[in-house]
Amino acid sequence: MLSLALLCACSPRLAPPSSSAPLDQIHDDPARDAQLSLLREAHRAFAQERYPAAALFFRRVVDSTVANSPQSVEARWWLGRSYEQMGDYRAAMAEYRALATGEAGGDSRTQRYQQQALSRLDQLRQIPGGSHVTVARQVALGLPLSQLPPVSGWVTWLQTLLKAGVTTVLLDPASSEWGKDRNPETVEAFIGAAHLAGLSVWGTLDFHHGRGIALRPEWLSRSLVMRGVAPNGQEPAMLPDPLHPDYQAVIAERATVLLRAGCDGIFLRARETQGFAQDFSDSSFQLFTSAFGLTITPQQLLGDSVGAGVMAYDREAIYWRWVGWKARSYATVAARIRKLIRDEKPAGRLLIEVHGSTVSEPLIGLEQYGEDLNDLFRRSGGELVIRTEDNKGPALLEQVAQQVGSPDRLWLVRSAMVPETAPLGEWTDGLRAVTLEVEDGNLLLLPRNAANLP
């Protein structure tokens, strides 16, 4: 606490350059006018202490201007300052580092910003724990795309979300007919409105189930183990194989569509049912056997009988090699999506949902859901979203934080009770009470029954 107090005392008290001539001039170049107007809005949000909105605006200026231009340099400095005010020191240091290592080009104003960035980096490094110190708290609200309010109610609803403490809207396009009632143009317009209000927007991918994607027969997994009967009395649907190369290409295409529509990140949903290790397609099993030079059939590895030429203990060793290979391959796919996000949107984020049971019973999580927390976290460079249906969530978060060492990149899922009849504004106002139930850590609110959303 003393270190943080000293840090704040050393923090530069620079005001936005209100007397800077370029912000007050009108130019013949519409693009430049738009950039200056956005920069002005960013400074206004910072002055009003609306730091998440300021960070969004400054980021848009950085992404839309030429690198190392006066506007880009100024916006990057204040982007770092916005992150600091939000408590995200690691993100602030990344911006200061990018600014300090850029080309000065002889511009005295740019050189001054670079000197200030170097000085700020030195001060932030003095915090115990360095770049791992973060205290920002974020709250995301998951919402099926089909349940967006009417266009006429967007502004009011978004303002209500801000008052309830929500910082991000998580859109799930799987439950709607993309291209019909909610076409890409509508999604882009909503994301634009959310950004203007100071909210981030993430898109959801249902990688393990393929909801919203026309699945081809060759992409589907087979299983030699009966999963039982679904709750509705019907046979459970076959799931896509996440390791099938052609299916991965379709997932990457869907992610690209969401990012180009303006999404600030991608959320990968967890597998709903157990049986990850027992599922396979001809393509994935062939990749596995080729990688290890094996001559074994799925029946010999996953079936009830051992089969000729395969000893029981050999099958067990190969089985766990198969489990580890599948989990590592899933983490590699997540890393590829992360790279795609960075290519399309440098500041974009990847969030990966995992089960709370994986935290307490890692071997079961690995075998049944393909979740190796440490490998997913480090290989993908994403953030982990812990899904739990009980009150053990905070303890699970703390346990994972001790394993990975970055609590700011962890989230907890909390169900939001949705009344059957309630005005949209009233229901949204009620979210504030839900966010206060969990005082620390990032929070993802998911409606328990989307069909009852007002």
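Strand β10 (residues 442-447) is mostly covered in this predicted model, with 5 of its 6 residues buried. The strand is joined by 3 bridges to β1 (residues 139-144), the two running parallel, and by 6 bridges to β9 (residues 410-416), again in parallel. The chain around β10 holds 19 helices and 10 strands, and 51% of its 454 residues count as buried.

**Strand β10 and its partners**

- On the side of β1, Ala 140 stands opposite Leu 444 of β10.
- On the side of β9, Leu 412 stands opposite Leu 443 of β10.
- Among contacts in the chain between residues at least 6 apart in sequence, 74% join residues that are at least 24 apart.

**Nonpolar cores**

- The largest nonpolar core comprises 62 residues, and those with the most contacts inside it are Leu 158, Leu 161, Ile 266, Leu 268, Ile 352, Leu 384 and Leu 431.
- Helix α13 (residues 312-344) supplies the largest share of this core, namely 7 residues.
- Another core, of 30 residues, lies apart from the largest one, and its members include Ala 45, Val 73, Ala 75 and Leu 124.
- In soluble globular proteins, nonpolar side chains tend to be buried together.
- When neighbours within four places in sequence are left aside, Leu 384 is in contact with Ile 352, Val 354, Leu 373, Leu 376, Phe 377, Val 400, Arg 409, Leu 410 and Trp 411.

**Helix α17**

- Helix α17 (residues 393-404) has 12 residues, which at 1.5 Å a residue should span 16 Å, and its end C-alpha atoms are 16 Å apart, in agreement with that expectation.
- The buried residues of α17 are Gly 393, Leu 396, Leu 397, Val 400, Ala 401 and Val 404; seen down the helix axis, these buried residues fall within an arc of 140°, so they line one face of α17.
- An α-helix has 3.6 residues a turn, so residues three or four places apart point the same way.
- The buried residues of α17 pack against α14 (356-360), α16 (373-380), β8 (383-387) and β9, the last of these being the strand that is also joined to β10 by 6 bridges.
- On the face of α17 turned away from its buried side are the exposed residues Glu 398 and Gln 402.
- After α17 comes Gly 405, whose phi is positive, near 80°.

**Aromatic pairs**

- Searching the whole structure gives 18 aromatic pairs; in the case of Trp 322 and Trp 325, the ring centres are 5.8 Å apart and the planes lie at 20°, so the pair is stacked, given that planes under 30 degrees apart count as stacked.
- Both Trp 322 and Trp 325 lie in helix α13, 3 residues apart, which is about one turn of the helix.
- Trp 322 has a relative accessible area of 0% and is therefore buried, and Trp 325, with a relative accessible area of 16%, is buried because its value is under the 20% cut-off.
- Ring pairs link Trp 322 and Trp 325 with Phe 280, Phe 285, Phe 288 and Phe 292 into a cluster.

Terms used
Residues numbered from 1 in each chain as written. Predicted model: local features only at pLDDT ≥ 70, side-chain atom pairs only at ≥ 80, totals over all residues. Heavy atoms only, no water. Core = buried A, V, L, I, M, F, W, Y, C linked by side-chain atoms within 4.5 Å. Buried < 20%, exposed > 50% of the residue type's maximum accessible area, 1.4 Å probe, protein only. Helix = DSSP H or I, 4+ residues; strand = E, 2+ residues; numbered from the N terminus. Contact = heavy atoms within 4.5 Å. Pairing = 2+ DSSP bridges. Expected span 1.5 Å × (residues − 1). Arc of directions from axis to C-beta. Phe/Tyr/Trp six-rings, centres within 6.5 Å; stacked < 30°, edge-to-face > 60°.
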